[in-house]
Amino acid sequence: MPSTVLTPYPAADFPEQPTAIVTGAASERGIGRATAHRLAREGWAVAVVDLGQDACESVAAEVARQHGVPTLGLGADIRDEAQVRAATDRIVAELPQLVGLVNNAGVSSPVPFLEVTPQEWDRVVDVNLRGTFLMTQAAARVMADNRLGRIVNISSASAQRGGAVYSLAAYCASKAGVIGLAKTLARELGPYGITANTVSPGSIDTDIMGGTLTDERKEALLRDIPVGRVGAVDDVANVVSFLLGREAGYVTGATYDVNGGSHIA
Ligand SMILES: NC(=O)c1ccc[n+]([C@@H]2O[C@H](COP(=O)([O-])OP(=O)(O)OC[C@H]3O[C@@H](n4cnc5c(N)ncnc54)[C@H](O)[C@@H]3O)[C@@H](O)[C@H]2O)c1
């Protein structure tokens, strides 16, 4: 924990150009890449963190080119503490003040509970939950020193509904975990000027559910979605952008459902 004494509210001033880390942002049709673009459009400097240095550099260059903001592409496996620390150190050294973290990297798991092996359980929980923990701790230490931070965990409607779309037990348990983590972060880190929230998407048109969604699969999904369409990556990116923004400083510990009404709590 930071050693210095807590300052009272309000949190430190929001910098003119803050930096956000988006994990899992190198996937071609993914939520992370759309979020990186959305934030850059708002003027954020962006660190693209994902598996594979080349892919991260390429997305970072694309975001910089399209929006004219500083970016950094860093290949890092978020399950690995040393890699997470090294990535965070470079972000702090090379980009403007770190304010935002979007814990978006994740893996799916359509394995029925009775067939889940300990290896499958660990594979999923290690990325979705341990990776979120490691990335958050590294970033939050910096944010706490700055007395300003915005953390968003990406969960899933599957965690709230107990599956029912594609991924099953290991995924749902890990994604329920990131909701709990955000809530406890909201309590513990609020005094440091840090907010922590969750965005919980329903079915979004990416490749994570076993490949690109066919029209047939979309049709089947629609039966359960009152707004009558499968979600787009920007539906999620827009809400993340709001929660990271200057105006969202009094929103913390909340779970934002972005699911077209497929889960109404
Ligand atoms: N698409 C949906 O319908 C949907 C619904 C609910 C929640 N989500 C969640 O949204 C997030 C983004 O999903 P997406 O649909 O864009 O999927 P995606 O597969 O396109 O993106 C996931 C990204 O995470 C990265 N990643 C995986 N393991 C990693 C690791 N160890 N270290 C660093 N990066 C790693 C992958 O390389 C990939 O780029 C995920 O957390 C997912 O669970 C997606």
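Asn 259 lies in the segment that follows strand 7, a strand spanning 255–258. The structure is a predicted model. Is Asn 259 buried or exposed? Its relative accessibility is 9%, and buried means under 20%, so Asn 259 counts as buried.

The side chain of Asn 259 has polar contacts with the backbone at two residues. One of its polar atoms lies 2.7 Å from the backbone nitrogen of Gly 261. At His 263, the backbone oxygen is 3.0 Å from a polar atom of the Asn 259 side chain.

The model also holds a ligand, and the ligand sits in the largest pocket. How many residues surround the ligand? There are 27, and the closest are Ser 27, Asp 50, Tyr 171, Lys 175 and Thr 206. By residue type, the shell around the ligand consists of 13 nonpolar, 10 polar and four charged residues.

Polar contacts with oxygen atoms of the ligand include those in the table below.

| Residue | Protein atom | Distance to a ligand oxygen atom |
|---|---|---|
| Asn 104 | backbone N or O | 2.7 Å |
| Gly 106 | backbone N or O | 3.4 Å |
| Lys 175 | polar side-chain atom | 2.7 Å |

On its own, the ligand has 820 Å² of accessible area, and the protein covers 91% of that area. Lys 175, whose side chain appears in the table, is also one of the closest residues of the shell.

Methods
Residues numbered from 1 in each chain as written. Predicted model: local features only at pLDDT ≥ 70, side-chain atom pairs only at ≥ 80, totals over all residues. Heavy atoms only, no water. Near = heavy atom within 4 Å. Polar contact = N/O pair within 3.5 Å; in protein donor to acceptor, adjacent residues only side chain to side chain. Areas by Shrake-Rupley, 256 points an atom, 1.4 Å probe, with all protein chains shown as cover. 1 Å grid on protein atoms, 1.4 Å probe; cavity = no way out; pocket = protein on both sides within 12 Å on 5 of 7 lines; lining within 4 Å. Sits in = over half its atoms within 2 Å of the grid points. Nonpolar A, V, L, I, M, F, W, Y, C, P; charged D, E, K, R; others polar. Helix = DSSP H or I, 4+ residues; strand = E, 2+ residues; numbered from the N terminus. Buried < 20%, exposed > 50% of the residue type's maximum accessible area, 1.4 Å probe, protein only.
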